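This report describes the ligand sites and the internal spaces of the structure shown below. It takes each ligand in turn and then the cavities and one pocket.

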Amino acid sequence: MTKFKNLLVTGGCGFIGANFVRYLFEEAGFKGRVVNVDILTYAGNPESLADIAEREGGRYVFVQADICDREKMAEVMDKYEIDAICHLAAESHVDRSIVRPDDFIRTNIFGTYNLLQLARERKDRIVRFHHVSTDEVFGSLGPTGAFTETTPYSPNSPYSASKAASDHLVRAYHETYGLPVTITNCSNNYGPYQFPEKLVPLMTLNALEGKPLPVYGDGLNVRDWLYVTDHCAAIWTVMNRGESGRVYCVGGRCEKPNIDIVNRICDDVDRLAPPLENGQPRRSLITYVKDRPGHDWRYAIDCTRIEQELGWHPAETFETGFDKTIRWYLDNREWVDRVRSGAYRQWIDQNYTRR
Ligand code: NAD
Ligand code: TYD
C-alpha cells in the first residue's frame, strides 16, 4: 500500500510516462490521484492515455505545461496538494541531442532544478521526489563488467551529460536540504507507445514498410534491454520502499548487440506481416550507415541492489516482452500514423487548451 495521495507525474505522455500512468491504475492498484504534467513535445502524445482519462475521471488529471515554468508548476503542486513526484519529463533522444543540445540542457537540467526547488519549498508536504534516470550517465563499458550504483559518472553525449547533471542536482537537494529523493538509473526500455525514432519501433515500422534499416557502425554495440512495464514496476517499488537518498540501478540482465535486435525484428515482421513485394526476407533491408559520434559501445546493468533489497525482478523475459512489443506496433497503425503525421496535434487542440 502506498502512502501517496496526489502523485505528480512529469512527462506522462511520453513512452515510459504513459506506460507508468497505465501501470499505476491497471496493475499497481493506485487509489489516489495522478496529475500528469507534460508540455507535449513531438514525443508526447496524450492519446496514449485517452482511455485512462475517460475511465478514471477526476483521478487522472492532465495539465499541459512546461516543467521549466516556475509559476505554473507551483500552481499545479498547490492546487492538487501534490505529496509525491515521479519525474520523467525530458528530452530523451541521443541523436537529437547531438544535433541540437539546447532543449536537453533546458528541460533536463533547468527543468529538474525547477522542480527540486519547488519541492524543497513544499518539504512539509512532499514525501518523495523520484528521478527517472538512465544508465547512459555511466558512459561506455568494455567487453566485461557491468554498471552498479557506485560506478563513476562518465557521460559521453549531450543527452547523457544533461541527465548526469540532473542526477547530481537531485542528490545535492537531498544532501543539502534533506529533500526525500530516490533515483533509478535504468537500461534501454522497449514496449508500446515509444516514439518511432528509437531503435525498436523505427526498425519495426521500416521493416513493415520495406524501407532501409539504418544500423549505425558495425551493429555490434551492446544494449541491456528491459520491458517497459518492468521498469515501471521498479520505479513504483523504489518510490514506495526505496531508502531516501539512495540510488538503484535497473536492468534486464539482457545484453544484445544491435544487429541481433534488428535481425530479430526482421524475422518477426516476416512471420507476422505480408511479405515484401520483391519476395526478399526483411534482413535484406539492413543498411550499415555512418556511426553515431561518441557512440557508447556497451551498456550492462548489475541490478543486484534492487533485487536483493527491494525484491524487484522483471516479470517479462525478452521472448515474451519482445513478441508483445512487435505485435503492438503492427496492430496499432492508427497510433503510429498519428504520431508520425503530427495529426494528433489537432486532437490536442480539440481536447486541451494551453492555459
Ligand atoms: P520520451 O521522449 O518518450 O518522453 C518524454 C516526455 O517528456 C514527452 O511526453 C515530452 O512531451 C515531455 N517533456 C519534454 N520536455 C518537457 C517539458 N519542458 N515540460 C514538460 N514535459 C516535457 O522519453 P521516455 O523514453 O519516456 O523517457 C522518460 C524518462 O526516462 C526520461 O527522463 C529518460 O531520460 C528516462 N529513461 C529512458 C529510457 C528509455 O529507454 N527510453 C531508459 C532509462 C531512462
Ligand atoms: P536508441 O534507441 O537511440 O537508444 P540509446 O541510444 O539511448 O541507447 O539506440 C539504441 C542503439 O541502436 C544504439 O546503440 C544506437 C543504435 N541505433 C541504430 O543502429 N540505428 C538507428 O536508427 C537508431 C535509432 C539506433
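How far from a polar backbone atom of Thr 41 is an oxygen atom of ligand 1? The separation is 3.0 Å. This value, like the others in this report, is computed from a predicted model.

**Ligand 1**

Ligand 1 is surrounded by 28 residues, and the closest are Ile 16, Asp 38, Ser 92, Tyr 159 and Lys 163. Backbone atoms of Ile 16 and Leu 40 also face oxygen atoms of this ligand, at 2.8 Å for Ile 16 and at 3.5 Å for Leu 40. Taken alone, ligand 1 exposes 830 Å², of which the protein buries 96%.

Several elements contribute to this shell: α1 (15-26), β5 (128-134), α6 and β7 (188-190) supply at least two residues each. The most come from β5, which gives 3 residues. By class, the shell around ligand 1 holds 14 nonpolar, 11 polar and 3 charged residues.

**Ligand 2**

The shell around ligand 2 numbers 16 residues, with Glu 136, Pro 214, Asn 258, Arg 292 and His 295 the closest. Polar atoms of the protein approach oxygen atoms of ligand 2 from side chains and from the backbone. A polar side-chain atom of Arg 292 is 2.5 Å from such an oxygen, and one of Asn 188 is 2.9 Å from an oxygen. For Tyr 216, a polar backbone atom lies at 2.9 Å from a ligand oxygen. On its own, ligand 2 exposes 510 Å², and the protein buries 96% of that area. The elements giving two or more residues to this shell are α7 (199-209) and β8 (213-216). The shell comprises 7 nonpolar, 4 polar and 5 charged residues.

Arg 292 also takes part in a salt bridge with Asp 95, in which the closest N and O atoms are 2.7 Å apart. The pair joins distant parts of the chain: Arg 292 sits in the loop between β12 (286-289) and α10 (304-310), whereas Asp 95 belongs to helix α4 (residues 94-99), 197 residues away. The model has 32 salt bridges in total.

**Cavities and a pocket**

The count of cavities of 30 Å³ or more is 2. The table sets out these spaces together with the second largest pocket.

| Space | Volume | Classes of lining residues |
|---|---|---|
| Largest cavity | about 60 Å³ | 3 nonpolar, 4 polar, 4 charged |
| Second largest cavity | about 30 Å³ | 2 nonpolar, 5 polar, 1 charged |
| Second largest pocket | about 230 Å³ | 6 nonpolar, 5 polar, 4 charged |

Arg 292 appears again in the lining of the largest cavity, which also includes Glu 136, His 295, Val 94, Asn 156 and Arg 223. Glu 136, Arg 292 and His 295 are among the closest residues to ligand 2.

The second largest cavity is lined by His 87, Ala 89, Ala 90, Asn 108, Thr 112, His 131, Lys 163 and Ser 166. Two or more of its lining residues come from each of α5 (102-121) and α6 (158-177). Lys 163, in this lining, is also one of the closest residues to ligand 1.

The second largest pocket has 15 lining residues, with Glu 149, Tyr 153, Arg 171, Ile 183 and Val 247 nearest its centre. At least two lining residues each are supplied by α6, β6 (181-186) and β10 (246-250). The largest share, 4 residues, comes from β6.

Conventions. Residues numbered from 1 in each chain as written. Chains lettered and ligands numbered in written order. Predicted model: local features only at pLDDT ≥ 70, side-chain atom pairs only at ≥ 80, totals over all residues. Heavy atoms only, no water. Near = heavy atom within 4 Å. Polar contact = N/O pair within 3.5 Å; in protein donor to acceptor, adjacent residues only side chain to side chain. Areas by Shrake-Rupley, 256 points an atom, 1.4 Å probe, with all protein chains shown as cover. Nonpolar A, V, L, I, M, F, W, Y, C, P; charged D, E, K, R; others polar. 1 Å grid on protein atoms, 1.4 Å probe; cavity = no way out; pocket = protein on both sides within 12 Å on 5 of 7 lines; lining within 4 Å. Points joined across faces, edges and corners; volume = space filled by probe spheres on them. Salt bridge = Lys/Arg side-chain N within 4 Å of Asp/Glu carboxyl O.
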